[in-house]
Amino acid sequence: MKDHHYRSSSLSGGLIMLKEILDKLPPSERKMALYILDHPNDSIRYTANELGKLSQTSSAAVIRLCKSLGLSGFQELKLRIASDLQKSTDVGCRDIEPNESHESIVRKMTSNNLQAIKETSEILNDEVLRDAVAAIQNAGTIHLFGVGASGVIAQDAQQKLMRINKSAVALTDMHMVAMNIANVKQGDVVFGISFSGETEEVVKILELAKHRRAITMSLTSYGTTPVSKIADINLYISASQEAVFRSAATSSRLAQLHLIDILFMCVVTNQYEDSVRRLDEARIAVNFLKQT
């Protein structure tokens, strides 16, 4: 991950961050993270030295863990965890069972989707969001792409940006994407979307874009991945919502759309009068097609 500190309007999401990055941490940091997850109430009362001794690691492991999380330090992690503990207990992601009733599926899917959106909002970095909005506003063209279900997210973003007269291209055929990227200009935004953050085609396209001196952005699940390592600006969604039906890209898709909506609305509010005029013009054009 980049060196941005994860500051948000309400400091929370510490436990979510720890859970989502757990499998990607080196041994000593993982041991520390597991101790905090097992003893969250106690951990926020300890100093870094005390926590290092109790987890049989070291105070240095605490500092490294906070850096891996993209936080300013141990104090911010404690503040986020304390905020998490004050909230009502989440039920967690609940998977669908064989021959489950429709009523139960409605409840579970609604709960899972709401939690995915909530957790994604909690790990959203204000500074990174500002950078992303500025890049979108100043770009000559925004080139969006993704493979499979991520391609649908790219097309949704394109449709929104076009409504406010932003030049946006969304392609899902990677050969077409590569040809498109060969002609990007400096200052253009190349936005790769990959839930796993490991899609090889997305990594290669972003590499091409960097050679062309474009601004690269990514939207992935939280944590350090091949995609997030190469992108200049990284946006993250909560990764904990897909279980057996991961391939269905259910809650993760809604979290991605939620983040695209946030990004779009931030662009709109920064250029409010012009955006409203553009949106009205787009609405008039569409209504014209409906006239008989």
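The following paragraphs go through a predicted model of one protein chain, from its overall makeup to a few local details.

The protein chain has 292 residues, and 47% of them count as buried. Its secondary structure consists of 14 helices and five strands. The accessible surface comes to about 14600 Å², and carbon and sulfur atoms account for 53% of that area. When contacts between residues at least 6 apart in sequence are taken, 71% of them join residues at least 24 apart.

Confidence comes next. The mean pLDDT of the protein chain is 85, with 89% of the residues at 70 or more. Among the elements, strand E3 (residues 189-193) has the highest mean pLDDT, 97, and helix H14 (residues 272-290) has the lowest, 79. Two stretches fall below 50. One is residues 3-9, which nevertheless has 34 contacts in the model beyond near neighbours in sequence. The other is residues 243-248, with eight such contacts. Where pLDDT is low, the predicted coordinates should not be read in detail.

Two helix pairs can be followed in the model. Two packed helices are described by the angle between their axes and the distance between the axes. Helix H1 (residues 14-21) and helix H6 (residues 74-86) have axes that come within 7 Å and cross at roughly 105°. Angles from 65 to 115 degrees count as roughly perpendicular, so H1 is roughly perpendicular to H6. From the H1 side, the contact is made by Gly 14, Leu 15, Met 17 and Leu 18; from the H6 side, by Leu 77, Arg 80, Ile 81, Asp 84 and Leu 85. Six of the residues in this contact are nonpolar, one is polar and two are charged.

The second pair is helix H2 (residues 27-38) with helix H5 (residues 59-68). Their axes are 9 Å apart, and the packing angle is about 85°. H2 and H5 are therefore also roughly perpendicular to each other. H2 contributes Ser 28, Glu 29, Met 32, Ala 33 and Ile 36, which meet Ala 61, Val 62, Arg 64, Leu 65 and Ser 68 of H5. By residue class, the contact of H2 with H5 divides into six nonpolar, two polar and two charged.

Further along the chain, Val 203 is a residue of helix H11. Is Val 203 buried or exposed? Its relative accessibility is 14%, and buried means under 20%, so Val 203 counts as buried. Leaving aside neighbours within four places in sequence, Val 203 is in contact with Pro 226, Val 227 and Ile 230. The C-alpha atom of Val 203 is 9.8 Å from that of Thr 225, a residue 22 places away along the chain.

Backbone geometry supplies the last two details. Most residues other than glycine have a negative phi, and most peptide bonds are trans. Asn 165 is not a glycine, yet its phi is positive, at about 65°. Asn 165 sits in the loop between helix H9 (149-163) and strand E2 (168-171). With a relative accessible area of 48%, Asn 165 is partly exposed. Arg 213, again a residue other than glycine, has a positive phi near 65°. Its place is the loop between helix H11 (200-211) and strand E4 (215-221). Exposed means over 50% relative accessible area, and Arg 213, at 56%, therefore counts as exposed.

Methods. Residues are numbered from 1 along each chain as its sequence is written. This is a predicted model: local features need pLDDT of at least 70, side-chain atom pairs count only at pLDDT 80 or more; totals for chains, interfaces and linings use all residues. Side-chain values use heavy atoms; hydrogens and water are left out. pLDDT is the predictor's confidence in each residue, from 0 to 100. Helices (H or I, at least four residues) and strands (E, at least two) are DSSP runs, numbered from the N terminus. Contact means heavy atoms within 4.5 Å. Axes are lines fitted to C-alpha atoms, for helices over the stretch in contact, and angles run from 0 to 180 degrees between N-to-C directions. Angles under 35 degrees count as roughly parallel, over 145 as roughly antiparallel, 65 to 115 as roughly perpendicular and the rest as oblique. Ala, Val, Leu, Ile, Met, Phe, Trp, Tyr, Cys and Pro count as nonpolar, Asp, Glu, Lys and Arg as charged, and the others, Gly among them, as polar. Buried means under 20% relative accessible area, exposed over 50%, partly exposed in between (1.4 Å probe, protein chains only). Accessible areas come from the Shrake-Rupley method with a 1.4 Å probe; for residues, only the protein chains shown count as cover.
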